[in-house]
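Student: I should like to go through the reasoning behind the terms applied to this structure. May we begin?

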Amino acid sequence: MSAPLAGIRIIEVGHMLAGPYCGLMLADMGAEVIKIETPEGDIGRTVSPHFIGPHNAYFASLNRNKKSVVLNLASEEGREALGRIADTAHALVTNLRPSAIRKLGLTYEALRHRNERLVCVALTGYGLDGPHADNPAYDYVIQALTGVMALTGDPSAPPTKAGYSAVDNSAGLVAAMGLLAKIVQGRGGQVDVAMYDVMLSQLNYLAGAALNAGETIERQADSSHPYVVPAQIFPTAEGWLTLFITHDRFWRIFCGEIGRPEWTEHPKFLTMAARRTHRVEVVAAITQVLGQASAAEWVRRLAPLGVVAAEVGTLNQALRGDIAAARSLVVPLGDGTLPLQAVACPVRFDDFSPAYGMPPLLNEHADAVLGKELA
């Protein structure tokens, strides 16, 4: 069966993570993604210390299934070559700074004379316009400015960034959604996606509490949920247990299994509202009980009852675990000649499975895209 995005041509002028992740999602779903690189190449080609053959592991994780064309967009010849590609493209996505986006002619206004139906997506830190547009923006900085760092980690410890590039990845997904929305609409135009906006949007219910109730949102100990109790990690005799009980029926089941049926009648423990009010006492009592067995043992006992409980594991364990295996989430790239692996596309279709190709070598597809006489 044909891919969902078969026949869609995307130009990617990006580097590192947010722009390339947007392009990756589109390429996995069958779009032809033409990655425009400088003669030095995307800096992502050298970020990781790990190489498998000629391929950098960081770059490979974000750029499979793409085509690479080197163009000097600072030159008239490079911009003309980009225009020829744009003539037949559906969209262009870039995560350069706004000043560079305009200087290099990567806006809809600059390209509409070549193709009025072209969708141009600017994925920036603070928007394509405005007083903050050209301020430096990295995942770390946006996490700091939007309050994500202040909400992460133990209250007694320094603010903490999320353990992965939450901003870059989230912004890449939103950019892909905006790009596809305009293609479905059937009209060209400019799409403006700011990393800052994306992260504030993802703080949804916390932002709602701050805006509508004046609540001061603070870090919670042990990764606790601000409203649900118990919903956090607990130390056990061996390992850490994540416990998340959102319904009083499951609270009663939990209490029966751990040998504390009296808690289902205790006025401080009886309802979700009561447990939230008496969080310290509830958490202390649960911690004492859970310390009597390992996290694995508690999962074995609680999970079959429908109680949401899981061990806190590592990334390596997840990649090699039962869920990843059942979902075929670890895939080889290319024909298997090189032992290069990646995480599969998270979107599944009942009539299409992606072919996971190798990441492109620098300028590998210049002839195919531009023709030998122009490459």
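Tutor: We may begin just after helix 1, where Gly30 takes a positive phi of about 105°. Please keep in mind that this is a predicted model.

Student: How do you know that helix 1 is mostly covered?

Tutor: Buried means under 20% relative accessible area. In helix 1, 11 of its 11 residues are buried. Among them are Pro20, Gly23, Leu24 and Asp28.

Student: Why is helix 1 called oblique to helix 7?

Tutor: Helix 1 (residues 18-28) and helix 7 (residues 166-185) pack at an angle of about 50°, with their axes 8 Å apart. Angles under 35 degrees count as roughly parallel, and 65 to 115 as roughly perpendicular. The angle of about 50° falls in neither range, so helix 1 is oblique to helix 7. The crossing of helix 1 past helix 7 is right-handed.

Student: Which residues make the contact between helix 1 and helix 7?

Tutor: Helix 1 contributes Ala18, Tyr21, Cys22, Met25 and Leu26, while helix 7 contributes Asp168, Asn169, Gly172, Leu173, Ala175, Ala176, Leu179 and Leu180. By class, the residues of this contact comprise 10 nonpolar, two polar and one charged.

Student: What makes Asp168 the charged residue, and Asn169 and Gly172 the polar ones?

Tutor: Asp counts as charged, whereas Gly is among the residues that count as polar, and Asn falls there because it is in neither the nonpolar nor the charged list.

Student: Let us turn to the loop between helix 9 (204-213) and strand 9 (231-235), where His225 is found. Why is His225 called buried?

Tutor: The relative accessibility of His225 is 17%. The limit for buried is under 20%, so His225 counts as buried.

Student: What surrounds His225, apart from its neighbours within four places in sequence?

Tutor: His225 is in contact with Tyr205, Ala231, Phe244 and Arg279.

Student: How do you know that the side chain of His225 makes polar contacts with the backbone?

Tutor: The side chain of His225 reaches the backbone nitrogen of Tyr227 at 3.0 Å. A polar atom of that side chain also lies 3.2 Å from the backbone nitrogen of Val228. A polar contact requires a pair of N or O atoms within 3.5 Å, and both distances are within that limit.

Student: Ser223 is also placed in the loop between helix 9 and strand 9. Is Ser223 buried or exposed, and why?

Tutor: Ser223 has a relative accessibility of 59%. Exposed means over 50%, so Ser223 counts as exposed. Ser223 also has a positive phi of about 55°, although it is not a glycine.

Student: What joins Val229 and Pro230?

Tutor: Val229 and Pro230 are joined by a cis peptide bond, with omega about 0°. Pro230 has its place in the loop between helix 9 and strand 9.

Student: Why is Ser328 called partly exposed?

Tutor: The relative accessible area of Ser328 is 47%. Buried means under 20% and exposed over 50%, so Ser328 lies in between and is partly exposed. Ser328 is found in the loop between helix 15 (322-326) and strand 12 (330-332), and its phi is near 55°, a positive value in a residue other than glycine.

Student: Where is Pro159, and what does it contact beyond its neighbours within four places in sequence?

Tutor: Pro159 lies in the loop between helix 6 (139-145) and helix 7. Pro159 is in contact with Met149, Ala150, Thr152 and Arg219. Along the chain Pro159 and Arg219 are 60 residues apart, and their C-alpha atoms are separated by 8.8 Å.

Methods. Residues numbered from 1 in each chain as written. Predicted model: local features only at pLDDT ≥ 70, side-chain atom pairs only at ≥ 80, totals over all residues. Heavy atoms only, no water. Axes fitted to C-alpha atoms, helices over the stretch in contact; angles between N-to-C directions. Helix = DSSP H or I, 4+ residues; strand = E, 2+ residues; numbered from the N terminus. Parallel < 35°, antiparallel > 145°, perpendicular 65-115°, else oblique. Left-handed = near helix turned anticlockwise from the far one by under 90°. Contact = heavy atoms within 4.5 Å. Buried < 20%, exposed > 50% of the residue type's maximum accessible area, 1.4 Å probe, protein only. Polar contact = N/O pair within 3.5 Å; in protein donor to acceptor, adjacent residues only side chain to side chain.
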